[in-house]
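Here is my note on the model you sent. The points are numbered so that you can check each one against the coordinates.

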Amino acid sequence: MSFKDLLINLGKLLLGGIAFFLGLEIGSLVASLIGLPAAPMAPGADRSLVRFYSLLTSPLLALALALVARGLAGEFMTRALILSFLCWTVYSVTNELEGWVFATYSTGFLFAVVASSIASLLCGAAVAFLFPPVEKGRGFVAAWRAFFARRRLRSWVWRLLIASVVFAPIYFIFGLLVLPFISDYYQQNIGGLQQPDVTRLFTVLFVRSGLFLLACLPIFIVWQLSVRSLFFRLGSALFILVGFLYLLTAYWLPVSLRLPHALEILADEFVYAGVLVALLARGGASTSQEQPPAQGVRRAV
């Protein structure tokens with residue numbers, strides 16, 4: 001990539017980030033107009049400073065979507081909706097659910113998910129337009145049929161069942177690994193954090209796991225680059241959306257808490273992406289070159 005191309009791509013990411021930030025402002029106004037209460041700020045946080053940091057980091061959110069966008073085949077509208085749903089589900093809905101477990105204060109769930117829906121739509125559309133696919137490929141319906149024709153029904157059933165719950169144990173295991181480094185902060189309620197109730201934690205984890213699958217499955221269906229590319233791009237996108245952006249903007253939390261969490265999220269999102277690839281993608285070949293098995297030939301299980 002030349003220096004000129006780098007500057008162009010940086011400009012595109014800036015535009016995508018601005019689209020998200022403006023959408024968030026519009027969405028917040030809409031949420032207020034329909035009477036949804038905004039969440040109070042975390043102890044030690046300033047609303048104006050948080051908005052400023054959110055604006056500064058918004059190009060990273062566009063980067064997360066752009067990493068995925070180039071590998072998505074299909075029309076503009078299909079790609080825009082896939083990217084918007086990924087952003088809204090992973091960055092907003094699932095993280096707001098996590099806040100319900102780990103925060104001592106109200107997170108304003110409905111306000112946040114309404115506000116971020118408009119932001120996600122604008123950013124998803126902007127990124128889909130600014131970062132077109134390598135090849136246009138086939139439509140979503142044709143890609144859906146070809147994707148699910150690769151395996152027998154019983155094979156898809158157990159694969160999708162595992163994929164719908166696998167995030168929960170991965171999250172829990174890596175959480176246990178960093179617990180010795182961060183438990184004191186939760187016991188002392190630093191920055192409005194709290195130790196979660198185990199029952200509530202696992203309920204939210206399994207809900208989040210199902211939502212992650214819903215957000216990621218369309219990507220697998222229309223993916224046209226290599227499986228290896230899917231792993232690295234999806235893992236990076238999930239890392240940014242699930243936690244990295246929040247940790248960057250949560251300036252009121254100590255670095256000694258944010259750094260272990262960043263490493264934890266980096267590890268669990270790449271492990272999660274790897275498990276999804278192993279379950280749902282065909283190993284080794286580019287999905288754009290894979291065809292459904294010929295009639296009479298036994299499908300892979």
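1. Gly-124 sits in helix α4, which covers residues 109-130. This is a predicted model, and in it Gly-124 has a relative accessible area of 0%. The cut-off for buried is under 20%, so Gly-124 is buried. Trp-88 is 36 residues away along the chain, and the C-alpha atoms of Gly-124 and Trp-88 are separated by 9.4 Å.

2. Val-134 is found in the loop between α4 and α5, the latter being residues 140-148. With a relative accessible area of 48%, Val-134 is partly exposed. The C-alpha atoms of Val-134 and Ala-73 are 7.8 Å apart, although 61 residues separate the two along the chain.

3. Trp-156 belongs to helix α6, residues 153-165. Its relative accessibility is 4%, so Trp-156 counts as buried. Compare its position with that of Ile-190: the two are 34 residues apart in sequence, and their C-alpha atoms are 44 Å apart in space.

4. Which backbone angle of Asn-189 deserves a check? Asn-189 has a positive phi, about 55°, and is not a glycine. Most residues other than glycine have a negative phi. Asn-189 lies in the loop between α7 (167-187) and α8. Its relative accessibility is 40%, so Asn-189 counts as partly exposed.

5. How many salt bridges does a search of the whole structure find? The search finds two. Side chains of opposite charge can pair when their charged atoms come close. One of the two bridges joins Glu-25 to Arg-51, with 2.8 Å between the closest N and O atoms. Glu-25 lies in helix α1 and Arg-51 in helix α2, so this pair ties together parts that are 26 residues apart in sequence. Both residues of this bridge are partly exposed: Glu-25 has a relative accessible area of 31%, and Arg-51 has one of 41%.

6. A salt bridge is also formed by the side chains of Arg-208 and Glu-98, at 3.5 Å from N to O. Arg-208 is in helix α8 (residues 198-222) and Glu-98 is in helix α3 (residues 76-102), so the pair ties together parts that are 110 residues apart in sequence. Are these two residues buried or exposed? Arg-208 and Glu-98 are both buried.

7. There is a nonpolar surface patch of about 570 Å², made by Ile-26, Leu-29, Val-30, Leu-33, Ile-34 and Leu-122. Helix α1 gives the largest share of this patch, four residues. Leu-29 lies in α1 and is one of the patch residues. The cut-off for exposed is over 50%; Leu-29 has a relative accessible area of 52%, so Leu-29 is exposed.

8. The second largest pocket has a volume of about 230 Å³. Two elements give two or more residues to its lining, α1 (3-33) and α2 (47-69). Which of the elements provides the largest share of the lining? That share comes from α1, with five residues. Rolling a probe the size of a water molecule over the atoms shows where empty space is left.

9. The lining of the second largest pocket can also be read by residue type. It divides into eight nonpolar residues, one polar and three charged. Among the lining residues are Met-1, Leu-6, Leu-10, Leu-13, Leu-63, Ala-66, Leu-67 and Phe-131. The lining also includes Asn-9, Lys-12, Arg-70 and Arg-233.

10. To pull together the points on α1: this helix contributes Glu-25 to the salt bridge with Arg-51 of α2. The helix also gives four residues to the nonpolar patch and five to the lining of the second largest pocket.

Key. Residues are numbered from 1 along each chain as its sequence is written. This is a predicted model: local features need pLDDT of at least 70, side-chain atom pairs count only at pLDDT 80 or more; totals for chains, interfaces and linings use all residues. Side-chain values use heavy atoms; hydrogens and water are left out. On a 1 Å grid over the protein atoms alone, a cavity is a set of points where a 1.4 Å probe fits but cannot get out, and a pocket is an open set with protein on both sides within 12 Å along at least five of seven lines; lining residues have an atom within 4 Å of a point. Grid points are joined across faces, edges and corners, and a volume is the space filled by probe spheres set on the points. Ala, Val, Leu, Ile, Met, Phe, Trp, Tyr, Cys and Pro count as nonpolar, Asp, Glu, Lys and Arg as charged, and the others, Gly among them, as polar. A salt bridge is a side-chain nitrogen of Lys or Arg within 4 Å of a carboxyl oxygen of Asp or Glu. Buried means under 20% relative accessible area, exposed over 50%, partly exposed in between (1.4 Å probe, protein chains only). Patches are made of residues with over 30% relative accessible area and no salt bridge: like charges are joined within 9 Å, nonpolar side chains (Val, Leu, Ile, Met, Phe, Trp, Tyr) within 5 Å. Accessible areas come from the Shrake-Rupley method with a 1.4 Å probe; for residues, only the protein chains shown count as cover.
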